[in-house]
Amino acid sequence: MNQDYRNLTDDEHEAVEKQSLRMIVQALQEYSREAKQIFDNTKAPSKTEVIVLAEDLVQYALEVAETYPINRRYAGFIDYKRIRWLPTPYGLLPQALLVDAKASTENNRETLQQSQLPMNADFISKDVHVTMNAGVEPHLELPDTMNGPLHAVTTSLFVHFYYRDISTTQAPYRELKSIYALAIPHARFKPRYNPDPTTTFFGQGKHSSARDEDPRIRVYFTRLMAMCPWRLQCLNFNGNPYAEPMWRDGLGPTGTITPFAYLGR
């Protein structure tokens, strides 16, 4: 049985990331009714507090989506971090699952801190070639009972709560319109997704070097979807208590949308 992700082919590794995202999307869909009720009706006067609210909701949604846990902690600036055994057709793999929560009134891009970036990034900004090194290691070494360490492959996912503001004085304070789930490729997929600065889904993030802010980078939804449609999922609220359970797959630039079953919570 293979337990080292480095022995997988690129396509097999991508299938592992796809399986991981599918589990997260299922968990988000199951919890979507309660998530919307809490998100819309909890007072959070600042944008920062709304993001904290989103972080709590991701924790609530994913707490029932565990597989076999590994008793090890991941140190990093990610909201939800779990070291676990992940069953796959290729073997039982150790995985460091990293899921970060975002919330914004924008629905076309995501901003990442360098510490959340899983692959080296190259892109063009104002006619200048910009490079940002990854802040997430490709794997976490775990002690093994056999010959040498196990390598828990890092899988970097992001959950983006897209909303509009309604009121500052009474509930509902805001309207949760969609929940996006993104899978940012592992470092080994740099040649596949970002071989040069013009072939990329990255862009310049908003930060101030004058104020000594940490560098940031943006992921543009349409670019990521065009490269690999399943890496951008969207659960829309269209007047129903739960989000619409739709999964994106197939070829670019937008893929094919199909429904999936869920039980709800």
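**View 1. The side chain of Asn2 and its polar partners in this predicted model.** Let's start close in: the backbone nitrogen of Asp4 lies 3.0 Å from the side chain of Asn2. A side chain also joins in, as that of Asn7 makes a polar contact with the Asn2 side chain at 3.4 Å. To find your bearings, look in the segment before helix H1 (10–41), where Asn2 sits. Beyond its neighbours up to four places away in sequence, Asn2 touches Asn7 and Leu8, together with Tyr90, Gly91, Leu92 and Leu93.

**View 2. An open sheet of three strands.** Here the strands run in the order S4-S11-S10, with antiparallel pairing. Strand S4 (109–113) and strand S10 (202–204) are the edges, each pairing on one side only. On average, neighbouring strands of this sheet are turned by 35° against each other, direction ignored. Five bridges link S4 to strand S11 (residues 216–220) in the antiparallel sense. If you would like one pair to pick out, Leu112 has Ile217 in S11 as its bridge partner.

**View 3. Phe202 and the largest nonpolar core.** This core holds 60 residues, and Val99, Phe161, Leu182 and Phe202 are those with the most contacts inside it. Helix H1 gives the most to this core, with eight residues. Zoom in on Phe202 and, leaving aside neighbours within four places in sequence, you will find contacts that include Leu117, Met119, Ala121, Phe123 and Asn194. Ile217, Arg218, Val219, Tyr220 and Arg223 are also in contact with Phe202. Apart from the largest core lies another, of eleven residues, with Ala96, Leu98, Val136 and Leu140 among them.

Note on methods. Residues are numbered from 1 along each chain as its sequence is written. This is a predicted model: local features need pLDDT of at least 70, side-chain atom pairs count only at pLDDT 80 or more; totals for chains, interfaces and linings use all residues. Side-chain values use heavy atoms; hydrogens and water are left out. Helices (H or I, at least four residues) and strands (E, at least two) are DSSP runs, numbered from the N terminus. A polar contact is a pair of N or O atoms within 3.5 Å; within protein, one must be able to donate a hydrogen and the other to accept it, and residues adjacent in sequence count only if both atoms are side-chain atoms. Contact means heavy atoms within 4.5 Å. Two strands pair if DSSP finds at least two bridges between them. Axes are lines fitted to C-alpha atoms, for helices over the stretch in contact, and angles run from 0 to 180 degrees between N-to-C directions. A nonpolar core is a set of buried Ala, Val, Leu, Ile, Met, Phe, Trp, Tyr and Cys residues joined through side-chain atoms within 4.5 Å. Buried means under 20% relative accessible area, exposed over 50%, partly exposed in between (1.4 Å probe, protein chains only).
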